[in-house]
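Ready for some practice in reading a protein model? Work through the exercises below with the structure open beside you, and try each task before you look at the solution.

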Amino acid sequence: MRPKARIPKFQRHDFKPISYAKKEDTATSAYASSALNWLRKAEFLMSAPKLNLCVEDSGFEIAFAGRSNAGKSSAINCITDQNQLARASKRPGRTQMINFFSLGNPDQRLVDLPGYGYAAVPEEMKKVWQKELQNYLIERKSLTGLVLLMDVRHPLKDFDRMMLEWAKDRNLFVHILLTKADKLNRGPASTVLLEVKKELKKMKLDFSIQLFSSLSKLGLEELAMVMAGRLNYVVDENGKPINPMENTLDIQEISLLHPDINSDASGLEGINIDDIPEVGDEDLDE
Ligand SMILES: Nc1nc2c(ncn2[C@@H]2O[C@H](COP(=O)(O)OP(=O)(O)OP(=O)(O)O)[C@@H](O)[C@H]2O)c(=O)[nH]1
Ligand SMILES: [Mg+2]
């Protein structure tokens, strides 16, 4: 009898910081292309204006977070290879609800969040959104991590730093995308990458980071592998996806997947929405 194929470890959640540096290894690139095919299955599930109207809180989801206009919706369209899946726009503040997409299975989802720091919204409405964003980040049990997007030309603004600290307190992983990398030459873009890495080290944050461009598709495979690995996308020996809920994760893995948010959420308390900086003209891509 043919021995059962083993699932390579890198296809599973690995809770230590994972190095996603591109390896020219055939197994890695096979996984990247399998992951990209899987991401193409993305389907819009629903938009929720409030936490209690979101899809059922089970399975695993990764949310795309970042300042308004950072390129969240564009990145989702890019990795799913669907131009119109998430609504991207030149006008900041385009994404106004929590938008859910399934990835071939309702228990594996990605989420497009409204951007923070967008000025041209009535004050009252801004408060309502930010409160809902805060509720989602604190209370959503299926939220396993964030892809945090920052324009490569304006990284680590105050609110980004706050998000990173909150994620650490809640035991969420963060994968950082320095977006719109096509706007800089390779040298300056790599310099920003190095500087942000140094700054993260100073902040004692062990998160992964990469350059990304929805326009040139720079960093697409790397992001696909992170998404797949973190959403527990595993294929059997015939290349058929295994239901993420039927995966045999050990207790430690499960407890890390579902951190006890009641005891770990303390760092998320006290978000002061007045601290959120507003997006300035420099962020517009007109
Ligand atoms: N050059 C370039 N422009 C980009 C890239 N990604 C996004 N953009 C542009 O940036 C603008 C904002 O993109 P969105 O994807 O709508 O940004 P968002 O983060 O979803 O914005 P909100 O929904 O307001 O939070 C649009 O004009 C995009 O075309 C990129 O990789 N390169
Ligand atoms: Mg958007």
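Helices (H or I, at least four residues) and strands (E, at least two) are DSSP runs, numbered from the N terminus. This is a predicted model, in which local features need pLDDT of at least 70, side-chain atom pairs count only at pLDDT 80 or more, and totals for chains, interfaces and linings use all residues. Residues are numbered from 1 along each chain as its sequence is written, while chains are lettered from A and ligands numbered from 1 in the order in which they are written.

**Exercise 1. Find what phi N232 takes just after α6, and decide whether N232 is buried or exposed.**

Solution.
- Step 1: Start with the background. Most residues other than glycine have a negative phi, and most peptide bonds are trans.
- Step 2: Just after α6, N232 has a positive phi of about 65 degrees. N232 sits in the loop between α6 (220-230) and β8 (234-235).
- Step 3: Count neighbours. A residue is buried if 20 or more other C-beta atoms lie within 10 Å of its own, exposed if 12 or fewer, and partly exposed in between, with C-beta atoms placed from the backbone. N232 counts as buried because it has 24 C-beta neighbours inside 10 Å.
- Step 4: Now try D81, which is not a glycine but has a positive phi of about 60 degrees. D81 belongs to the loop between α2 (72-80) and β3 (98-103), and because it has 14 C-beta neighbours inside 10 Å, D81 counts as partly exposed.

**Exercise 2. Work out how many residues of α6 are buried, and which residues M227 is in contact with.**

Solution.
- Step 1: In α6, 8 of the 11 residues are buried, so the helix is largely enclosed by the rest of the structure. Among them are L223, A224 and M227.
- Step 2: A nonpolar core is a set of buried Ala, Val, Leu, Ile, Met, Phe, Trp, Tyr and Cys residues joined through C-beta atoms within 7 Å. The largest one has 62 residues, and A224 and M227 are among those that touch the most other members.
- Step 3: Two residues are in contact if their C-beta atoms, placed from the backbone, lie within 7 Å. Setting aside neighbours within four places in sequence, M227 contacts A35, L39, I62 and I79.

**Exercise 3. Give the strand order of the open sheet of 7 strands, and name its edge strands.**

Solution.
- Step 1: Two strands pair if DSSP finds at least two bridges between them.
- Step 2: The order is β1-β3-β4-β2-β5-β6-β7, with mixed pairing. At the edges are β1 (42-48) and β7 (208-211), each pairing on one side only.
- Step 3: Look at one pair: β3 and β4 (residues 108-112) run antiparallel over 4 bridges. F100 has V111 in β4 as its bridge partner.

**Exercise 4. Check whether the span of α4 agrees with or departs from 1.5 Å a residue, and find where its buried residues pack.**

Solution.
- Step 1: The expected span of a helix is 1.5 Å times one less than its number of residues. For the 12 residues of α4 this should be 16 Å, and the end C-alpha atoms are 17 Å apart, which agrees.
- Step 2: The buried residues of α4 are D160, M163, L164, W166 and A167. They cover an arc (that of the directions from the helix axis to the C-beta atoms) of only 165 degrees, so they lie on the same side of α4.
- Step 3: These buried residues pack against β2, α3 (123-139), β5 and β6.
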